[in-house]
Structure formats: C-alpha cells, structure tokens
Amino acid sequence: MGLLNKNPYTWMGLGLLTAGTLVSPVAYFILDLTWLSALGICMLILSLILLTLGRTIPKLPPEACGLLLETGVDNMAALIEELGIRAKATYLPSSLTNGRPQAFIPLHSNTALPSITTALPQRLIVRYGSGPDDVGLLLSTIGSNAVSLLESKPGPSSIELESALTSLFSGILGVADRTVVACNENHIKVEIHNPHLENGTGWSHHCFGGPLASVVAAVAAEAWDRPVTIEQEEQNGSKYFVELEVKE
Amino acid sequence: MRIYNRYILIVTLVLLLSTLVLIAMGQTSLSTYYIVYILEALVITELYIHFNAKARRGLSSIGAILFGGFLFVICVELVHMLA
C-alpha cells in the first residue's frame with residue numbers, strides 16, 4: 001500500500017523495473033539481441049536509482065512548506081512593523097545565543113551596536129549592554145533553522161563555506177543550483193546561481209534580508225563564529241548576489 | 001528537486017550514449033556492457049557530493065549492490081578465460 005502513495009520517481013522506477021525485467025531475458029534468451037539485453041540492464045540500473053531517490057523525497061509538499069514559510073515571515077513582519085524597528089539585523093552564531101544562530105535587532109536604531117562578546121539569554125527581548133536603551137530582539141529566522149540541516153559546522157574558509165551553502169541550497173533545500181563564495185578580510189561575497197525562491201520586499205525583508213540572504217548570513221555567522229550583517233543583496237539575471245560583513 | 005533530475009538525466013544520457021558507442025564498435029559481450037554501465041554509474045554518483053545524507057546513503061547501497069554484480073561478472077569472465 002505504501003508504494004501506491006509514492007512520488008513520480010517511484011512510479012518511474014517501478015515502470016523501468018518492470019520493462020527491464022521483461023526486456024532483458026526475452027532479448028537475451030529468445031531474440032538473441034545483446035544490445036537490447038544491454039538496454040534492459042540500463043533500465044534495471046536506472047530503476048534502482050529512481051526507487052532509491054524516490055524514498056528520500058520529503059513527504060511534505062513544497063506548497064505546504066511555502067505556506068508555513070509565508071505565515072512565519074508575515075508574523076515576523078507584523079511584529080517588526082508594529083515596533084517601528086528600522087535597524088538591520090545582526091546574525092549571531094550559536095556561541096553567542098546559547099543555542100542556534102539567530103538574528104538580533106536593537107530596538108533603538110540610534111545607538112551603535114556594541115560588540116557582543118558574551119552569550120545572550122534565550123529570550124525574545126534581551127539586554128545586550130549596560131545602557132537603558134541597550135535592548136533588542138533575538139529572533140529565529142529561516143537561516144537559524146537551515147543551519148541545523150547541515151551535517152557539520154562549516155569552517156571559515158571560502159571553500160568550506162561554499163561547499164556548505166551549495167550542499168544546503170542544492171542538495172537539501174533544492175532552491176538553487178550552486179554557490180560561489182569569495183572572502184576578502186571582513187567581507188564575504190556570495191553568488192547564488194539559478195535561485196527559485198521568491199524574495200519579499202516588505203519591512204521584515206529590509207531588517208532581516210531575503211530568505212536566501214538570511215540563510216547565507218546564518219551559515220556564515222556559524223562558520224566564522226562571529227556576528228554577521230547583510231550589507232547588500234540583489235538579483236542580477238539568473239544570479240543572486242549577497243554581500244556580508246563580519247563584525248568583530 | 002532539481003539536483004535529482006539533473007543526476008537522473010546525466011546517468012540516463014551517459015548510459016544511452018555508451019550503449020550507442022558499444023553497438024557502433026560491434027561489441028557482442030553483455031558483460032562488457034554491464035561493466036561499462038556500472039563504472040559510469042559509480043563515477044557519476046561519486047561526483048554528486050551535494051546530495052542530502054539520506055540520498056547519499058541510499059545511493060551508496062545501490063553502488064554496493066552494483067559493485068557486487070561487477071565483481072561477479074569479473075569472476076565469471078576469469079573462470080571462462082582460465083577454462
């Protein structure tokens with residue numbers, strides 16, 4: 001019964017398995033055609049691959065995932081807009097948040113953000129300095145959750161970061177083809193090829209960056225183990241460019 | 001899942017192309033076809049390092065089964081040569 005509920009990969013695999021099982025012996029023993037038997041073997045190999053991949057497809061449909069994502073983003077946008085926050089988020093590594101990487105936004109944008117050296121408490125509203133205005137919001141973003149999908153924490157070199165981002169975007173999330181990373185002192189430039197995840201344009205987008213930039217910033221913060229901000233992000237043809245600044 | 005589609009497309013094209021080449025070369029041994037297919041499938045799978053962990057594990061199992069078949073064919077060929 002489980003097989004009847006499967007995705008196109010499994011159906012295609014079952015089709016090729018049936019065709020290959022019939023074609024190979026008939027072609028080899030009855031028709032005496034080696035090339036046709038070989039094509040039957042081709043079908044069997046492909047059917048094994050398709051059946052294996054069919055078992056690894058996430059059970060939740062992309063439409064349902066999109067719905068959950070939009071709901072979360074809308075709620076966050078409403079909160080940010082209601083509080084009148086205009087400052088840009090700083091993505092903190094897990095070592096500074098007592099958990100997973102999160103985005104931090106100071107409530108008062110007129111105060112310069114001091115360097116955060118000790119871990120912040122796991123709360124929505126946190127105090128990060130000694131001044132009366134040194135209060136900010138510590139929020140989980142798409143990037144916070146995406147980092148947990150990585151098998152291991154990436155290293156700070158551009159090759160390690162590029163491998164982690166490509167693995168995440170292409171192999172796990174399936175939202176882009178590949179990434180190219182260039183690190184230059186405290187600046188990281190990331191090029192995302194063929195992204196197919198829509199970016200919002202609202203207030204929360206201004207504060208947190210788009211979903212792709214948010215993931216890139218969270219992974220970079222974790223890789224460098226330092227706070228990171230999104231300096232710039234733009235779509236140019238089939239590429240999406242994200243520029244980050246690594247803070248002290 | 002674009003990466004899955006690309007992988008399947010590449011494996012299919014390479015297997016079909018190698019079949020055409022072997023046919024054009026007049027190859028009549030089924031073992032040769034099988035060995036070429038296995039080697040190609042294993043190499044392409046190794047090149048796709050960005051698959052998620054579950055897919056990699058699954059494909060490694062398939063690779064092990066196909067490699068077992070490859071060793072079996074080699075053994076049969078050796079026995080034929082020695083006999």
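Here are some questions and answers about this predicted two-chain model.

Residues count from 1 along each chain as its sequence is written, with chains lettered from A and ligands numbered from 1 in the order written. Since the model is predicted, local features need pLDDT of at least 70 and side-chain atom pairs count only at pLDDT 80 or more, while totals for chains, interfaces and linings use all residues.

Me: What average pLDDT does chain B get?
Reply: pLDDT is the predictor's confidence in each residue, from 0 to 100. In chain B, 99% of the residues score at least 70. The average for chain B is 89.

Me: Which element of chain B has the lowest mean pLDDT, and which the highest?
Reply: Elements here are DSSP runs numbered from the N terminus, with helices (H or I) of at least four residues and strands (E) of at least two. At the low end, with a mean of 88, is helix H3 (residues 53–82) of chain B. The highest mean, 93, goes to helix H1 (residues 2–24) of chain B.

Me: How does the radius of gyration of chain B sit against the globule rule?
Reply: Chain B has three helices and zero strands, running α-α-α from the N terminus. The globule rule (2.2 Å times the number of residues to the power 0.38, with the radius taken over C-alpha atoms) gives 12 Å for 83 residues. Chain B is more spread out than a compact globule, because its radius of gyration is well over that, at 15 Å.

Me: What span does H2 of chain B reach?
Reply: Helix H2 (residues 30–47) of chain B has 18 residues. The expected span is 1.5 Å times one less than the number of residues, which comes to 26 Å for H2 of chain B. From first C-alpha to last, the helix is close to that, reaching 26 Å.

Me: Which residues of H2(B) are buried, and how wide an arc do they cover?
Reply: Buried means 20 or more other C-beta atoms within 10 Å of the residue's own, exposed means 12 or fewer, and partly exposed is in between, with C-beta atoms placed from the backbone. In H2(B) the buried ones are B:Tyr33, B:Tyr34, B:Tyr37, B:Ile38, B:Ala41 and B:Thr45. They sit on the same side of H2(B) because their arc, taken from the directions from the helix axis to the C-beta atoms, is only 130°.

Me: What sits on the face of H2(B) turned away from its buried side?
Reply: The buried side is covered by elements including H2 (34–54) of chain A, along with H1 and H3 of chain B. The face turned away carries exposed residues: B:Val43, B:Glu46 and B:Leu47.

Me: Which helix gives the largest share of the side of chain A that touches chain B?
Reply: Counting contacts as C-beta atoms, placed from the backbone, within 7 Å, 27 residues of chain A meet 26 residues of chain B. Helix H1 (8–30), H2 and helix H5 (158–172) of chain A each supply at least two residues of that side of chain A. The largest share, 14 residues, comes from H2(A).

Me: Is B:Leu20 buried or exposed?
Reply: B:Leu20 is found in helix H1 of chain B. Its C-beta neighbours inside 10 Å number 10, so B:Leu20 counts as exposed.

Me: What ipTM does the predictor give the complex?
Reply: The predictor scores the complex in two ways. The pTM is 0.77, and the ipTM is 0.91.
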